[in-house]
Amino acid sequence: MLTRRDAVIGAMSAGAAMSTKESLAKAAQPATPVNFDVPADACDCHTHIHGDPDQFPFFAGRVYTPETALPEEMAALHRALRVKRVVIVTPSVYGTDNSATLYGMKARGPDARGVAVIDDKTADGELDAMGKAGMRGIRLNLATSGSNDPGLARQRFQAALPRMASRNWHIQIYSNLAVIAGIKDLVLAAPVPVVLDHFGGAQAALGSGQPGFADLIDLVRSGKAYVKISGAYRASTRAPDYPDVAPLAQALIAANAERIVWGTDWPHPNSVTGPGRKVTDITPLRQIDDGALMNQLPVWAPEPAIRRTILVDNPARLYGF
């Protein structure tokens with residue numbers, strides 16, 4: 001049987017007459033119903049929008065090309081999950097162009113906030129305008145580009161601090177435990193909140209004793225860093241419920257539940273361009289069951305009050321809902 005991936009790639013390579021956006025499959029939607037009471041005003045703190053590439057062209061220096069993932073698809077996801085609020089993060093495929101994220105935020109209205117990607121050429125006026133639109137932080141994406149240099153991380157982190165401090169924005173970092181350990185002192189001294197993506201890059205198979213995880217726990221316990229318990233499939237290969245992620249999530253929550261936020265990582269981009277393929281070739285989105293993934297939250301946090309802290313109170317504080 002022809003797989004979804006075969007169909008997408010085949011349509012592209014055949015040079016079909018249809019436009020790019022017409023040839024793409026849909027982003028994932030939940031297959032499993034949510035099995036617990038989701039508190040009012042729950043927030044998905046990590047999503048992306050991939051707009052129509054004719055309107056929102058990708059960055060020439062990207063390392064992969066994703067399928068589209070549109071605001072109406074995201075709205076359907078959150079209706080199924082019974083999640084009201086959302087944080088949209090600019091993905092690496094747009095470089096420092098935040099237009100697609102702003103488009104997604106505008107479509108969602110007052111229940112949306114955003115996290116931008118900037119560089120030293122981003123004008124203060126642009127930051128101010130994005131702040132009025134609901135941006136609340138910037139992301140330093142070190143993982144997708146394959147940068148594991150703590151020295152580079154320190155440089156980029158320190159360069160961002162003054163501009164974020166003056167706006168009371170946070171700095172979000174996507175990296176790994178070794179890099180996080182290498183900038184631990186800067187995070188502890190930072191005048192702004194720091195948010196660490198996807199379990200800080202911890203790998204479930206290595207357990208809570210893996211190098212750097214104790215540093216992550218220390219940062220959470222100190223109150224200086226938030227950790228997103230998101231994208232469990234990035235930490236584990238044991239689909240669909242990723243049981244080996246539970247000890248990591250439980251340890252982080254036990255350290256300081258007031259510094260934990262949750263997210264889907266929808267539409268689940270696969271940032272690896274396969275061998276023999278060009279970065280301009282479309283890499284299909286991962287088909288992740290976000291219902292099954294969300295149902296792990298009561299495993300990680302059995303108490304409803306703690307789940308409310310993670311899903312409602314912490315995002316409201318961090319993103320200004």
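# A guided tour from strand to strand

Select strand 3 to begin: 5 of its 5 residues are buried, so count the strand as mostly covered. The model you have open is a predicted one.

**Stop 1: the two faces of strand 3**

In a regular strand, side chains alternate between the two faces of the sheet. Show the side chains of strand 3 and check each face. Arg85, Val87 and Val89 sit on one side, and they are buried. Val86 and Ile88 sit on the other, and they are buried too. Both faces are covered.

**Stop 2: the neighbours of strand 3**

Now add strand 1. Strand 1 and strand 3 run parallel and pair over 3 bridges. Click aspartate 44: its bridge partner in strand 3 is valine 86.

Next, add strand 4, residues 112-116. Strand 4 is parallel to strand 3, and 4 bridges join them. Valine 86 appears here as well, with alanine 112 as its bridge partner in strand 4. How does the chain cross from strand 3 to strand 4? Follow the path through helix 4. This β-α-β crossover is right-handed.

**Stop 3: two cysteines**

Select cysteine 43 and cysteine 45. A disulfide is a covalent bond between the sulfur atoms of two cysteines. How many disulfides does a search of the whole structure find? The search finds 0. Cysteine 43 is in none, and its nearest cysteine sulfur, that of cysteine 45, is 3.7 Å away. Why is there no bond between cysteine 45 and cysteine 43? The sulfurs are 3.7 Å apart, which is too far for a bond, because a disulfide needs the sulfur atoms within 2.5 Å.

Are these cysteines buried or exposed? Cysteine 43 is buried, at a relative accessible area of 0%. Cysteine 45 is buried as well, also with 0%.

**Stop 4: aromatic pairs**

A search of the whole structure finds 3 aromatic pairs. Two stops follow, each on one of them. A pair of aromatic rings is described by the distance of the centres and the angle of the planes.

Select phenylalanine 58 and tyrosine 94. Their ring centres are 5.4 Å apart and their planes meet at 35°, so the pair is tilted. Phenylalanine 58 lies in the loop between strand 1 (43-47) and strand 2 (65-66). Tyrosine 94 lies in the loop between strand 3 (85-89) and helix 4 (99-108). The pair therefore ties together parts that are 36 residues apart in sequence. Phenylalanine 58 and tyrosine 94 are both buried.

Now move to phenylalanine 199 and tryptophan 300. The centres of these rings are 5.8 Å apart and the planes are at 85°, so this pair is edge-to-face. Phenylalanine 199 is in the loop between strand 7 (194-196) and helix 9 (213-222). Tryptophan 300 is in helix 13, residues 297-300. The pair links distant parts of the chain, 101 residues apart. Phenylalanine 199 is buried at 0% relative accessibility, and tryptophan 300 is buried at 5%.

**Stop 5: strand 9 and its partner**

Select strand 9, residues 260-263. Both of its faces are covered. Ile260 and Trp262 are buried on one side, and Val261 and Gly263 on the other. Add strand 8, residues 225-230, which pairs with strand 9 in the parallel sense over 4 bridges. Click valine 227 to find its bridge partner in strand 9, isoleucine 260.

**Last stop: alanine 246**

Select alanine 246 in helix 11, residues 246-255. Alanine 246 counts as buried, at 11% relative accessibility. Finish with valine 299. The two residues are 53 apart in sequence, and their C-alpha atoms are 7.2 Å apart in space.

Terms used: Residues numbered from 1 in each chain as written. Predicted model: local features only at pLDDT ≥ 70, side-chain atom pairs only at ≥ 80, totals over all residues. Heavy atoms only, no water. Buried < 20%, exposed > 50% of the residue type's maximum accessible area, 1.4 Å probe, protein only. Phe/Tyr/Trp six-rings, centres within 6.5 Å; stacked < 30°, edge-to-face > 60°. Pairing = 2+ DSSP bridges. Right-handed = clockwise from strand over helix to strand, strands pointing away.
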